[in-house]
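Got the viewer open? Load the model, pick a plain cartoon view, and follow along stop by stop.

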Amino acid sequence: MLLEKIQLEPDERVLSQVRRHWFVIVSNIFLLAMTAMLPIPLLFLGQGILSNYVSLPMHLGDYWTWLLFFQSVLAMVVWFVIFNVWTNYYLDVLTITDRRAILINQRGFFRRHVTSFRLERLQDLEIEINGVIATLLDYGDLHAETAGHAEEEFTARSLPKPRELKGLILKAADNRIPSTENHANL
Amino acid sequence: MTPDTTPILELAVQLIILLSIIITIVYVLVVGYHWFSYGSSRKTNMTALAIFLGGTGLFVSGMVVSYFLMF
C-alpha cells in the first residue's frame, strides 16, 4: 500500500495526508454523467419539437431496443472515464510527515510522478486560491520553493484548507530546523 | 432489391458486447493493480472495485438484454 511505497524513515511520523478537494472530483463526475445521460432524452426532445412542424418518417420509440443498446455502450464508456478520473484523484496524494513533504501525482496509468523535499530545505510556501467557488469552498494550490530544487516544481493543486496545510508545513519545518542544527552542532 | 443487413448488424452488436467484456477484464486488472499497489485504504479499494463491477455488470446486461430483444 501507499505508506509502504513511500518508505518512511525510522520514527518518521505522518502528520497529514490530503487529496484534492471533493468539489473537483464531484464536478468532473457530474459533467461526465450528464454526457452519458443526456443524448437520448435530447433525441426524444428533438423529435417532439420537430414533429410539431413536419411529419417524421420514423419514430424513435420504434427503435427503443437499439437506443437501449447505444445508451448502455455510451454509459459504459463514460463509466470507464469516470473511474479514470477517480483513480487519478485517489492516487494523487500529498503526504506531510514531520520530516518531509511528499507529493504523488498519478498522470494516467503507468505514469507516476513523485516529488518530495525535506522540511529543513523549505524556503518559501505559497498558496493560491483562484475563483469564487475555490474561495467559498476553501481550496487552492500550494507551491513550495526549496533550496537546491530550483528546477523541480512542487505544486499541489486544489487542496482543501490550504491555509491550514501551509501552517502545518511551516510549523513542522520550524520544529525541524532546531533539531537539524543540534545534529550539526554534535 | 436491398441486401439483408441483419446478420452484419447482429455480428457487429455481438462484437461490441465481446469487446466490452474483454476491455472490462483488462481494465479491472489495470486499475486493480494501481488501487491495491498505490492506494491508501484497502476498504476504499474494495468498495471502488465493487461499485465499478456493479456498474459495468449493469451496462453489459443492458447490452445483452437489448441484443436478445433486437434479434
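Start with chain A on its own: its radius of gyration is 24 Å, whereas a compact globule of 186 residues would come in near 16 Å. That radius is taken over C-alpha atoms, and the globule rule is 2.2 Å times the number of residues to the power 0.38. Line the view up with the principal axes and the C-alpha atoms of chain A fill a box of roughly 90 × 35 × 25 Å.

Before selecting anything else, two housekeeping notes. This is a predicted model, in which local features need pLDDT of at least 70 and side-chain atom pairs count only at pLDDT 80 or more, while totals for chains, interfaces and linings use all residues. Residues are numbered from 1 along each chain as its sequence is written, and chains are lettered from A and ligands numbered from 1 in the order in which they are written.

Now colour chain A by secondary structure. You should find six helices and seven strands, running α-β-α-α-α-β-β-β-β-α-β-β-α from the N terminus. Here helices (H or I, at least four residues) and strands (E, at least two) are DSSP runs, numbered from the N terminus. Of the 186 residues of chain A, 21% count as buried. Buried means that 20 or more other C-beta atoms lie within 10 Å of the residue's own; exposed means 12 or fewer, partly exposed is in between, and the C-beta atoms are placed from the backbone.

**Stop 1: the largest nonpolar core**

Select Leu94(A), Ala101(A) and Leu159(A): of the 22 residues in the largest nonpolar core, these touch the most other members. A nonpolar core is a set of buried Ala, Val, Leu, Ile, Met, Phe, Trp, Tyr and Cys residues joined through C-beta atoms within 7 Å. Two or more residues each come from helix 4, strand 2 (93-97), strand 3 (100-106), strand 6 (139-146), strand 7 (154-160) and helix 6 (162-185) of chain A. Helix 6 of chain A gives the most, with four residues.

Which residues does Leu94(A) contact, leaving aside its neighbours within four places in sequence? They are Val18(A), Ala101(A), Leu103(A), Ala156(A) and Leu159(A). Contact means that the C-beta atoms of two residues, placed from the backbone, lie within 7 Å.

Apart from this core lies another, of 11 residues, including Ala75(A), Val31(B), Trp35(B) and Met63(B).

**Stop 2: where the chains touch**

Show chain B as well. The contact takes 20 residues from chain A and 20 residues from chain B. On the chain A side, helix 1 (2-6) and helix 4 (64-91) each supply at least two residues, and helix 4 of chain A provides the largest share, 14 residues. That side of chain A divides into 15 nonpolar, four polar and one charged. By class, Ala, Val, Leu, Ile, Met, Phe, Trp, Tyr, Cys and Pro count as nonpolar, Asp, Glu, Lys and Arg as charged, and the others, Gly among them, as polar.

**Stop 3: two helix pairs**

Stay with helix 4 of chain A and add helix 2 (residues 22-37) of chain A: they pack at an angle of about 170°, with their axes 9 Å apart. Axes are lines fitted to C-alpha atoms, for helices over the stretch in contact, and angles run from 0 to 180 degrees between N-to-C directions. That makes helix 2 of chain A roughly antiparallel to helix 4 of chain A, the term for angles over 145 degrees. Show side chains for the contact; among them are Ile25(A) and Leu32(A) of helix 2 and Val78(A) and Trp86(A) of helix 4. The contact has 12 nonpolar, two polar and no charged residues.

Next, select helix 1 (residues 6-38) and helix 2 (residues 42-70) of chain B, which pack at about 180° with axes 11 Å apart. This pair is roughly antiparallel too. Trp35(B) of helix 1 and Met63(B) of helix 2 are among the residues making the contact.

**Stop 4: single residues**

Pick Gln71(A) in helix 4 of chain A. Gln71(A) counts as partly exposed because it has 19 C-beta neighbours inside 10 Å. Then draw a distance from its C-alpha atom to that of Ile127(A), 56 residues apart along the chain: 43 Å.

Finish at Asp11(A), in the loop between helix 1 and strand 1 (14-18) of chain A. Asp11(A) is not a glycine, yet its phi is positive, about 70°. Is Asp11(A) buried or exposed? With 7 C-beta neighbours inside 10 Å, Asp11(A) counts as exposed.

Notes. Parallel < 35°, antiparallel > 145°, perpendicular 65-115°, else oblique.
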